[in-house]
Amino acid sequence: MTLLDFARGPALQFAIIVFVFGVLWRLVGVLLLPRIGDRSPPREGAPATWLGAARTVVRRMWPRREFIERTLYPTLNSYVFHVGLALVVFGLAPHIVFIRDWTGLSWPALPSDLVLAIGVVTLVSLVAVLVRRLVHPVLRLLSHAGDYLSWLVTALPVATGLATTMDFGPRYETMLALHVLSIAALLIWFPFGKLMHAFFFVLSRGATGARFSHRGVEV
Ligand code: HEM
Ligand code: HEM
């Protein structure tokens, strides 16, 4: 069995199983937490609970006006790499073929040169995130191994994807195998660290919004 066969076969299958069961496990764990009902009457004019929750999920996509100036750089940079990741993962033709083989769904691809350029911007943006974490005294103090591991498993698929396409490093098949192995690493770590924010952001913002709007607080 070649490295590529191993990566595409057992490694990726194992990673997908860990990802699916891990994410379900964590979601069920949070949804089954005991909930202490709020018996106080809602503040006059308070929106319905679901509306308060939904508003905060959307509202928190952007900082409050008071904080914009101080948080503009990390906010914009965060948008750059999140949107970049989405465009690369869902816009590149071979990725769409992969998704079609697994799910039957497909859509038109972006031009591959454009995806490559977006990939480079995404990688630079991710490096900027790491540099900020290393040089910002408070952020650095608060950071632990899990933060760096989450960064690494996010950045590696982009770096190896670029190297595969641009013919860097070893021959194509080996580089592609490393690309697939880095994706397996991302899927395996995903449920256990802070990458779960991709699912949890709805629950955490929603819970805050529901609680605050009940009390008449604008968030
Ligand atoms: C700029 C960044 C990236 C580039 C240029 C890129 C490029 C490629 C290329 C050329 C292939 C292989 C095509 C083939 O010969 O079969 C591939 C496969 C794949 N890539 Fe990427 N990739 C990038 C980022 C990512 C990211 C961030 C992910 C997911 C987190 C990802 C997931 C995949 C998957 C699942 C496959 C299919 C592997 C297979 O065929 O078994 N890629 N990518
Ligand atoms: C819709 C889904 C997602 C939302 C709403 C979201 C939102 C966020 C937010 C608000 C931050 C904090 C940014 C800051 O420090 O200003 C963040 C950080 C981050 N996100 Fe996401 N995210 C999502 C999906 C993902 C996915 C799928 C990945 C990777 C596979 C990812 C990787 C990261 C990483 C690595 C960081 C941390 C950067 C650091 O080290 O500070 N995110 N995300």
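What follows is a chat about a predicted model, working from its iron site out to its helices and aromatic rings.

Reader: Let's start with the metal. Which residues coordinate the iron atom of ligand 1, and at what distance?
Author: Two histidines do this job, each through its NE2 atom. They are His95 and His179, and the distance is 2.0 Å.

Reader: What arrangement do the 6 donor atoms around that iron make?
Author: Look at the angles that the 6 donor atoms subtend at the iron atom of ligand 1: they run from 86 to 178 degrees. Six donors count as octahedral if opposite ones are over 155 degrees apart and all others lie between 65 and 115. The angles here therefore make the arrangement octahedral.

Reader: How many residues apart in sequence are the parts that His95 and His179 tie together?
Author: His95 sits in helix H4, residues 93-103. His179 belongs to helix H8, residues 172-189, so the pair ties together parts of the chain whose separation in sequence is 84 residues.

Reader: Is His179 buried or exposed?
Author: The cut-off for buried is under 20% relative accessible area. His179 comes in at 11%, so the label is buried.

Reader: On to H9. What span is expected for this helix at 1.5 Å a residue?
Author: H9 covers residues 197-214, which gives it 18 residues. From the first C-alpha to the last it reaches 24 Å, close to the expected 26 Å.

Reader: Which helices are included in what covers the buried residues of H9?
Author: The buried residues of H9 include Phe200, Arg205, Gly206 and Thr208. Among the parts that cover the buried residues of H9 are helix H1 (3-31) and helix H2 (49-59).

Reader: Where does Phe192 lie, and is it buried or exposed?
Author: Phe192 is in the loop between H8 and H9. Leaving out residues up to four places away in sequence, Phe192 touches Val18 and Arg26. Its relative accessibility is 52%, and the cut-off for exposed is over 50%. Phe192 therefore counts as exposed.

Reader: How far apart in space are Phe192 and Phe19?
Author: In sequence, 173 residues separate Phe192 and Phe19. In space, C-alpha to C-alpha, the distance is 9.3 Å.

Reader: Now the rings. How are the planes of Trp62 and Tyr79 arranged?
Author: The count comes to 5 aromatic pairs. For Trp62 and Tyr79, the ring centres are 6.1 Å apart and the planes meet at 45 degrees, so this pair is tilted. Trp62 lies in the loop between H2 and helix H3 (65-91) and Tyr79 in H3, so the pair ties together parts 17 residues apart in sequence. To repeat the term asked for, the pair is tilted.

Reader: What angle lies between the planes of Phe90 and Trp107?
Author: Phe90 is in helix H3, while Trp107 is in the loop between H4 and helix H5 (112-135). Their centres are 6.2 Å apart, and the pair is tilted, with the planes at 55 degrees.

Reader: Which residues form one aromatic cluster?
Author: This cluster is made of phenylalanines. They are Phe19, Phe190 and Phe199.

Reader: Last one: how far is the backbone oxygen of Thr71 from a polar atom of the Thr75 side chain?
Author: Thr75 lies in helix H3 and counts as buried at 15% relative accessibility. Leaving aside neighbours within four places in sequence, Thr75 is in contact with Trp62 and Pro63. The backbone oxygen of Thr71 and a polar atom of the Thr75 side chain are separated by 2.6 Å.

How values were computed:
Residues numbered from 1 in each chain as written. Chains lettered and ligands numbered in written order. Predicted model: local features only at pLDDT ≥ 70, side-chain atom pairs only at ≥ 80, totals over all residues. Heavy atoms only, no water. Donors = N, O, S within 2.8 Å, 3.2 Å for Na, K, Ca; no water. Tetrahedral: all angles 85-135°; square planar, octahedral: opposite > 155°, others 65-115°. Helix = DSSP H or I, 4+ residues; strand = E, 2+ residues; numbered from the N terminus. Buried < 20%, exposed > 50% of the residue type's maximum accessible area, 1.4 Å probe, protein only. Expected span 1.5 Å × (residues − 1). Contact = heavy atoms within 4.5 Å. Phe/Tyr/Trp six-rings, centres within 6.5 Å; stacked < 30°, edge-to-face > 60°. Polar contact = N/O pair within 3.5 Å; in protein donor to acceptor, adjacent residues only side chain to side chain.
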